[in-house]
Amino acid sequence: MNDKSLSNLIKPLLNAWYPTISHGTGVYLYDVEGKKYLDGSSGAVTANVGHGVREIIDKMNDQAKKVAFVYRSQFTSEPAESLAARLCELSNHHFQFVFFVNSGTEATETAMKMAIQHWQEKGKPQKIKVLSRWMSYHGITIGALSMSGHAGRRKRFVPLLEEYPSVSPPYCYRCPFEKTYPSCDLACANELERVIKRTGSEQIAAFITEPIIGAAGAAITPPDGYYERIREICDKYDVLWIVDEVMTGMGRTGKVFAYEHWKAKPDLLTLGKGLSAGYTPIAATVATKSVLAPVLNGSNLIMSGHTLSANPLSSAVALAVLDYIQNHSLIEAVESKGAYLYAKLKSLQQQVNIIGDIRGKGLLLGLELVQNLNSKASFPSSFELTSRVIQKAQDKGLLLYPSQAGEDGVEGDGIIISPPYTITSHEIDELVGLLTVTMVEIEKELGERKRKMNNLQNRFHKMIKSTDVMSYVQNDMTIMFGGFGGVGTAPTVIEEILKSDVNGLTLICNDAGFPTIGVGKLVCEQRIKKLIASHIGSNPVAGKQMNDGILEVEFSPQGTLVERIRAAGVGIGGVLIDVGIETDVICVGKQMITLSGKTFLVETPLEADVSIVYAKKADEFGNLLYDKSARNTNPLVAMAGKVTIAEVEEIVPLGELNPDSIMTPGVFVNYIVQSKGVNWKWVWE
């Protein structure tokens, strides 16, 4: 049985539930309930040789029986020495020095430090900046994140980060210079020279790139000649070139190292992920003799190190992985398998209208998802399309890797497909089959949403008057209010109800507020036969009516009231949207709700004939906008009504939305009333 309560383990989403994996074999993983997942992403582009490989496990056990750990400042070990030599051999001895660490982030940060130390030992200590590209990702520690141009992952820590990203990505699908290859004359590469000149080459230690942009760009692949030009510029201005092959290295693109697709070689290289294929934590920073020469002639010490660096166990496992890859000629097969997968994906692209671009090399392929194939318009971030695709695919038994994409690398969607090298043609067919079902369903959902939004847009531009609301309000009806709480939600609409002779209403709101204000006034005038609220605030009239038996009142703690509204809006059993009330909420079982680790009993899911909400602003499609700090329940109210009417003061043009706002998708809203705002004179009289 799944335990969906909070565990002691911090996971990516604290409140989310994750399946527990039991075991893996080949390209498949199996959870404890027996469900099978085709690992179409090799985890995080890591499990390159598949799961449960006996040869690797045996080598791991053999080394563990000998010695698992020695400290690098006291000893070396045969596995570490052999692995370092092996990596240098694989580069045809272009590289001659290897520094082992535990993760890709540590590898890129070590490369940064080695580049800076190189110049220090050469008497140029002012060369400390490391240039990088936007739409890049080099790791999550402060140094590595400073080099990363992944806007989403930088956002929380910007005040702590260096301003290293400064060069545009080689993004041919969305050329930042609005040019076309090859007539562009590699403008994206030439931009590096301008940045170096503006910054001053005397300040710059290195330039770091991913050969193929991974998590930040859905396998953005530079055109021919790009890296040759980068090499020329770095040499011209005395700048070291670091190539981050944490994702692409060890055969992922059909070459041992992805830089081999171009006729240019870097000064420093970072490896990770596929170096051990996920069987143990290990990564590496690899350097040429020219990079280390000043250090050898100077301090003779690389100022970096980690407790588990170059430990014998991880080194032995990585050697076993390299042996397995070589013995089974896996890298040689990557190119043909990648071509087969690419052809299958191109066929899928003809079946759906949201795959804008397919790119990459070998078994590192990316799909960029767009609203319109001609304009290449990205989906709004509020759609959370990447997450929806990833989750739906996983539900169907296919694992994919999420990625950023889009013109600005912020509002855009992409996925990476990167199965183990051992995948067969039959398994590729199965992968694409699962992906096809996923994409067809996603497109159908998007089409339905678009249709509803288009309908809403038509209604929105006509906008009903507040007096028209009364055509939706009848005697003995259930009305749900959201917005100003005790002051009264959607005051213009409430005024119209007060003017009418409607009676016998069931009213759902957080509280009944003041006796002469808004919804409180409806209570006092005895228009309401039943009140469902978290409390009745400072409304003694409502309390007296309740005691006298005139008014039936059903109390519920505010949190529970909110969850009951949620339950009505999306149905028990669904994963719900975070709208700022708390954090992610999941409806489970039949009548239980988990909210921030606390369990609530859902009494009766609340629904209304009409929901009436108030929002200061809406965009041109009728999406309601709220300040994140407002912790509004209005989106829930809108979801729970058979008909939802929103009252707004201001219509905000597209492109002028505040990024700090919560946007409620307009699909929940049927009609808009534009008002002049809260009539405070009316409120307080």
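A residue counts as buried when its relative accessible area is under 20%. Val53, at 7%, is therefore buried. The tour of this predicted model starts at that residue.

**Val53 and its surroundings**

Select Val53, in the loop between α1 (42–45) and α2 (54–66). Leaving out residues up to four places away in sequence, Val53 touches Tyr279 and Tyr324. Now add Gly26: its C-alpha is 7.4 Å from the C-alpha of Val53, although 27 residues separate the two in sequence.

**The whole chain**

Zoom out to show the protein in full. There are 685 residues, and 54% of them count as buried. The secondary structure consists of 19 helices and 27 strands. About 29800 Å² is exposed, with carbon and sulfur atoms supplying 51% of that area. Of the contacts between residues at least 6 apart in sequence, 73% join residues at least 24 apart.

**The N-terminal segment and the sheet**

Go to Ile10, in the segment before β1 (21–25). The relative accessibility of Ile10 is 71%, so this residue counts as exposed. Select Leu6 and Leu14 as well: with Ile10 they form a nonpolar patch on the surface, and the three together have about 340 Å² of accessible area.

Continue along the chain to β1. Which strands make up the open sheet, and in what order? The order is β1-β2-β3-β13, four strands with mixed pairing. Its edge strands are β1 and β13 (398–399), each of which pairs on one side only. Strand β2 (residues 28–31) runs antiparallel to β1, and four bridges join the two. To find one of the paired positions, select Thr25 together with its bridge partner in β2, Tyr28.

**Helix α9**

Next, display helix α9 (residues 289–296) and pick out Val291, Leu292, Pro294 and Val295, which are buried. They lie on the same side of α9, because they cover an arc of only 145° around the axis. To see what covers these buried residues, show β4 (97–101), α4 (104–121), β8 (240–245), β9 (268–271) and β10 (283–287), which are included in the cover.

**Helix α10**

Move to Ser314, which is placed in helix α10. Ser314 counts as buried, because its relative accessibility is 5%. With neighbours within four places in sequence set aside, Ser314 is in contact with Thr280, Pro281 and Ile282.

Stay with helix α10 and select Asp323 together with Arg86. Their side chains meet in a salt bridge, 2.9 Å from N to O. Asp323 belongs to α10 (residues 312–327) and Arg86 to helix α3 (residues 78–90), so the pair ties together parts that are 237 residues apart in sequence. Are the two partners buried or exposed? Asp323 counts as partly exposed, at 25% relative accessibility. Arg86 counts as buried, at 16%.

**Other salt bridges**

The structure holds 24 salt bridges. Three further stops show some of them.

- Select Lys236 and Glu193. The closest N and O atoms of this salt bridge are 2.8 Å apart. The pair links distant parts of the chain, 43 residues apart: Lys236 is in helix α8 (residues 226–236) and Glu193 in helix α7 (residues 187–199). Lys236 counts as exposed at 58% relative accessibility, whereas Glu193 counts as buried at 11%.
- Select Lys499 and Glu496. In this salt bridge the closest N and O atoms are 3.7 Å apart. Both residues are in helix α14 (residues 491–499); they are three residues apart, so about one helical turn separates them. Lys499 is exposed, with a relative accessible area of 64%, whereas Glu496 counts as buried at 12% relative accessibility.
- Select Arg388, Lys392, Lys396, Glu441 and Glu445. Here a network of salt bridges links the five residues.

**Back to the start**

To finish, return to Val53 and show Tyr279 and Tyr324 again, the residues that Val53 touches beyond four places in sequence. Keep Tyr324 displayed and colour helix α10, residues 312–327. Asp323, the α10 partner in the salt bridge with Arg86, can then be viewed in the same scene.

Conventions: Residues are numbered from 1 along each chain as its sequence is written. This is a predicted model: local features need pLDDT of at least 70, side-chain atom pairs count only at pLDDT 80 or more; totals for chains, interfaces and linings use all residues. Side-chain values use heavy atoms; hydrogens and water are left out. Patches are made of residues with over 30% relative accessible area and no salt bridge: like charges are joined within 9 Å, nonpolar side chains (Val, Leu, Ile, Met, Phe, Trp, Tyr) within 5 Å. Accessible areas come from the Shrake-Rupley method with a 1.4 Å probe; for residues, only the protein chains shown count as cover. A salt bridge is a side-chain nitrogen of Lys or Arg within 4 Å of a carboxyl oxygen of Asp or Glu. Buried means under 20% relative accessible area, exposed over 50%, partly exposed in between (1.4 Å probe, protein chains only). Two strands pair if DSSP finds at least two bridges between them. The arc is that of the directions from the helix axis to the C-beta atoms. Contact means heavy atoms within 4.5 Å.
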